[in-house]
Amino acid sequence: CCLQELLTQRTWDVSCHAQWLVFEVEGRLQIRPAQHTLARTLLDGSGPDGLAPIAQLNMGEGKTRVILPMMALELADGKHLVRPHGSADTISDSVV
């Protein structure tokens, strides 16, 4: 488990997503390839079959703490305001 985390390689271009690099540093985390792939699929707005993407992840796979902030950072481009909604317990647990 820990060795796998240490050997994880970044699968996204830092020059295209500098905000994600800052997010990694400030959050003391590394965006996993699966998290990047899911965020990119959701941001692109269409799945492999051309339909709107739907995803289901297990607990602890970074939905609230990693993927949601990645998407918010990508969409908040200076022209758009991003305001995620969720239960207070979920949000407060993820930012601690």
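**Helix packing around α4**

Of the contacts in the protein between residues at least 6 apart in sequence, 54% link residues at least 24 apart. The model behind this figure is a predicted one. Its secondary structure is made up of 5 helices and 0 strands, so the order of elements, read from the N terminus, is simply α-α-α-α-α. Out of 96 residues, 20% come out as buried. The exposed surface of the protein adds up to about 7,200 Å², with carbon and sulfur atoms supplying 57% of that area.

Helix α4 takes in residues 63–75, and its buried residues are Val-66, Ile-67, Met-70 and Met-71. An α-helix has 3.6 residues a turn, so residues three or four places apart point the same way. As for partners, the buried residues of α4 pack against two helices, α2 (18–27) and α3 (33–44).

Now for how α3 and α4 meet. Their axes come within 10 Å and cross at roughly 45°. An angle counts as oblique when it is neither under 35 degrees, nor over 145, nor in the 65 to 115 range, and α3 and α4 are therefore oblique to each other. The crossing of this pair is right-handed. On the α3 side, the contact is made by Gln-35, His-36, Leu-38, Ala-39, Arg-40, Leu-42 and Leu-43, while α4 brings in Val-66, Ile-67, Met-70, Met-71, Glu-74 and Leu-75. Sorted by type, the residues of this contact split into 9 nonpolar, 2 polar and 2 charged. Val-66, Ile-67, Met-70 and Met-71, listed here on the α4 side, are also the buried residues of that helix.

Key. Residues numbered from 1 in each chain as written. Predicted model: local features only at pLDDT ≥ 70, side-chain atom pairs only at ≥ 80, totals over all residues. Heavy atoms only, no water. Buried < 20%, exposed > 50% of the residue type's maximum accessible area, 1.4 Å probe, protein only. Helix = DSSP H or I, 4+ residues; strand = E, 2+ residues; numbered from the N terminus. Contact = heavy atoms within 4.5 Å. Axes fitted to C-alpha atoms, helices over the stretch in contact; angles between N-to-C directions. Left-handed = near helix turned anticlockwise from the far one by under 90°. Nonpolar A, V, L, I, M, F, W, Y, C, P; charged D, E, K, R; others polar. Areas by Shrake-Rupley, 256 points an atom, 1.4 Å probe, with all protein chains shown as cover.
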